[in-house]
Amino acid sequence: MASDSTQNIDYGTLGVGDPNAPVKFIDYSSLTCPACAKFHNGTLPAFKEKYVETGKVYFEFRDFPLDSLAAAAAMVARCAGPDKRLAIVDKLFQEQRNWRSGETGQEVIDKVMALAEQLGLPRADAENCLNDEKLFKAVLDERERGLNEDDVKATPTLIINGEKISGAMSLEDISKIVDRAMVK
């Protein structure tokens, strides 16, 4: 029988902040992408504090897995449900070098599950989620949305009120774009 966490699987997009904020910021990232980890670990915390927590920006994280391991990691993060998903995504980016260092795919997945377990997701639940076809389809659908609707070709790709930027950016550079978007 599934525990409460697998009954709360997050099949949708991960949004943070006020959905009615004047600026919408979309981040297409892959959990195995080193440039994405650099952005999430370096720039994003200060960005969230300056813009998201103050109600100026609505932030959406969209999975854009570049490989099967990123897709599996995204599935494990979504398995935790909407309340814990961001914490697992953050932890996966913080620990990316460690969990990606496995010699086999199974070793990598085991490390991902161990990180999720540290944040309260039981391993059995994570294993069940990795076999959830609806969840796998949700991750792939989000990637397809990036390809088809937003012409994503690399990660990270950031979309700020419709303006697309490929590659990680500094807080200063993002602030210029966001501040300009707020006065439009």
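Modeller: Buried is used here for a relative accessible area under 20%, exposed for over 50%, and partly exposed for what lies in between, with a 1.4 Å probe and protein chains only. The model is predicted, so local features need pLDDT of at least 70 and side-chain atom pairs count only at pLDDT 80 or more, while totals for chains, interfaces and linings use all residues. Residues are numbered from 1 along each chain as its sequence is written, and side-chain values use heavy atoms, with hydrogens and water left out.

Biologist: Why is Phe64 called buried?

Modeller: Its relative accessible area is 2%, and the term asks for a value under 20%, so Phe64 counts as buried.

Biologist: What makes Asp179 partly exposed?

Modeller: The relative accessible area of Asp179 is 34%, which falls between the limits of 20% and 50%, so the middle term applies.

Biologist: Why is the pair of Tyr28 and Phe64 called edge-to-face?

Modeller: Rings of Phe, Tyr and Trp (its six-membered ring) pair if their centres lie within 6.5 Å, and planes under 30 degrees apart count as stacked, over 60 as edge-to-face and the rest as tilted. The centres of Tyr28 and Phe64 are 6.2 Å apart and their planes stand at 85°, so the pair is edge-to-face.

Biologist: What makes the pair of Phe47 and Tyr51 tilted?

Modeller: Their rings are 5.3 Å apart, centre to centre, with 40° between the planes, and an angle that is neither under 30 degrees nor over 60 counts as tilted.

Biologist: Which residue lies over the face of Phe64?

Modeller: Arg143 does, at 4.5 Å from the ring centre; the rule asks for CZ of Arg, or NZ of Lys, within 6 Å of the ring centre and within 35 degrees of the ring normal.
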